[in-house]
Each structure stands twice: as C-alpha cells, then as structure tokens.
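Trainee: I should like to study a single part of this structure closely. Would you please take one helix and follow it outward to its surroundings?

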Amino acid sequence: MLKPILIHPDPRLKKTSDAVADLSDELRTLASDMLETMYDAPGIGLAAPQIGVLTRLIVMDCVKEGDPEPMIMFNPEILASSEDTNVYEEGCLSIPEQFAEVTRPAEVRVGWIDETGTPREKDFDGLWATCVQHEIDHLNGKLFIDYLGPIKRQTITRKSAKLKRERARA
Ligand code: K2U
Ligand code: ZN
C-alpha cells in the first residue's frame, strides 16, 4: 500500500538506519509497499527512512522505457567506486521541486542481500550508479543538498520547509 513520504526538514531523514538482521515477510511487504510508493511518486529510487522506517532497505527502478526492472536491496554497501565522476542534476522525493548538480563516482560496485536472502554484487553505471549512491546516502542520513555549499543548502531547506507547511495546511 502507498506510504507517505517524509519531507525535509525531518530529523528522521538525518539518522543512520539500522542493518537488517534477518529477512522476514514483514520486510518483504515493506519493500513491496516502497516500490508501489516509488512508482506512484513517480520516482526511480526510494529508501526506507523516506517513509519513516530507519532500516537499511532501498528500492530502485531506473529503467526509462521498456520493461520495469525493480530492485530490492537489503543492507546495500558500496564495495568500490571509480575514479572518474559524473555530474547529475539531482532531485529527491523528500525535497520536492528542488534540484541541484551533484558530482559522484561514475561507476560503483554494490553488495547487498536480495529479497530471497541471497547475497548479490553488481557494478552500476549511468543513472543507476547515481541513484544507488543517492539511496545509500539516505541510509546514512545524508541528502543530496549536503554536497552543496551552505547558502544553496539553506535556500533549498527554507523552500522545502515552506512547501511542507503549505502541504500541512492543505
Ligand atoms: O531517493 C529519492 O528521493 C528518489 C530520487 C532518486 C534519484 C535522485 C537523483 C538522481 C537519481 C535518482 C528521485 O527523486 S526519483 C525522481 C527522478 C526521476 C528521474 C530522474 C531523476 C530523479
Ligand atoms: Zn532522495
């Protein structure tokens, strides 16, 4: 079922999420609710803290056209990063209508546990690489605005706080 997405500023978005000790049907249901919420937003990634669950779980589907490729990743971690970088104008479902350029490694090797409990490893590049790094940052309480200078970060935070107040009144 659809879950409400927390809007910045929110202390839960700045916390470090807890590792998953044992997979459960409850966690699998959470992952399925996150995918539904992500597609509805619409978005190409979502991290559990964004729906207020401080657990190390992210979902992604960065496919633009063609068949969806949903990914469910428990305890994702970056095992290696390329020297070369990419710049991408990032947004965030928790910081609506705000965008800024962020530079990140162009390719990353990620390890995780999948929904069957199987350890996985995969190299990501392009938009998938940007997205998986953006989502893993969420698990460490880091937002894309944390890569910006203090003035830009403060401007975006003020705008997001204003939008949050307006939505609360609606
Ligand atoms: O984590 C999130 O808030 C979802 C993010 C994921 C993302 C951000 C920046 C760059 C890549 C992925 C987005 O809001 S999903 C929306 C979106 C859609 C298409 C391209 C970029 C961002
Ligand atoms: Zn985000």
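Mentor: Let us begin at the end of the helix, bearing in mind that this is a predicted model. Just after α2, Gly141 takes a positive phi of about 70°. The helix that precedes this glycine, α2, runs over residues 126-139 and has 14 residues. From its first C-alpha to its last, α2 reaches 21 Å, which is close to the 20 Å expected at 1.5 Å a residue.

Next, consider how α2 sits in the structure. Of its 14 residues, 13 are buried, so the helix is largely enclosed by the rest of the structure. A residue counts as buried when its relative accessible area is under 20%.

The helix also takes part in the surroundings of ligand 1. The shell around ligand 1 has 15 residues, and the closest are Ile44, Gly45, Gln50, Leu93 and Glu135. The largest share of this shell, six residues, comes from α2. Strand β4 (85-90) also contributes, for β4 and α2 each supply at least two residues of the shell. It helps here to recall a general point about helices. An α-helix has 3.6 residues a turn, so residues three or four places apart point the same way. With that in mind, look at two histidines. A polar side-chain atom of His134 lies 3.2 Å from an oxygen atom of ligand 1. For His138, a polar side-chain atom lies 3.4 Å from an oxygen atom of the ligand. Leu93 makes its approach through the backbone: one of its polar backbone atoms is 2.7 Å from an oxygen atom of ligand 1. On its own, ligand 1 has 480 Å² of accessible area, and the protein covers 84% of that. The space that ligand 1 takes is the largest pocket.

From the ligand we may turn to Gln50, one of the closest residues of the shell. Gln50 is placed in the loop between β1 (45-47) and β2 (57-60). With a relative accessible area of 2%, Gln50 is buried. The side chain of Gln50 is joined to that of Ser94 by a polar contact of 3.1 Å.

Some further places deserve attention for comparison. Ser160 belongs to another helix, α3 (residues 150-169). Its relative accessibility is 1%, and therefore Ser160 counts as buried. The side chain of Ser160 reaches the backbone oxygen of His8 at 2.7 Å. His8 in turn is joined to Pro9 by a cis peptide bond, with omega about 0°. Pro9 is found in the segment before α1 (25-40). Another cis peptide bond runs from Ala41 to Pro42, with omega near -10°. Pro42 is placed in the loop between α1 and β1.

Finally, return to the matter of positive phi, with which we began. Asn75, in strand β3 (residues 71-81), has a phi near 45°, a positive value in a residue other than glycine. Glu97 is not a glycine either, yet its phi is positive, at about 65°. Glu97 is placed in the loop between β4 and β5 (100-105). With a relative accessible area of 58%, Glu97 is exposed.

How values were computed
Residues numbered from 1 in each chain as written. Chains lettered and ligands numbered in written order. Predicted model: local features only at pLDDT ≥ 70, side-chain atom pairs only at ≥ 80, totals over all residues. Heavy atoms only, no water. Helix = DSSP H or I, 4+ residues; strand = E, 2+ residues; numbered from the N terminus. Expected span 1.5 Å × (residues − 1). Buried < 20%, exposed > 50% of the residue type's maximum accessible area, 1.4 Å probe, protein only. Near = heavy atom within 4 Å. Polar contact = N/O pair within 3.5 Å; in protein donor to acceptor, adjacent residues only side chain to side chain. Areas by Shrake-Rupley, 256 points an atom, 1.4 Å probe, with all protein chains shown as cover. 1 Å grid on protein atoms, 1.4 Å probe; cavity = no way out; pocket = protein on both sides within 12 Å on 5 of 7 lines; lining within 4 Å. Sits in = over half its atoms within 2 Å of the grid points.
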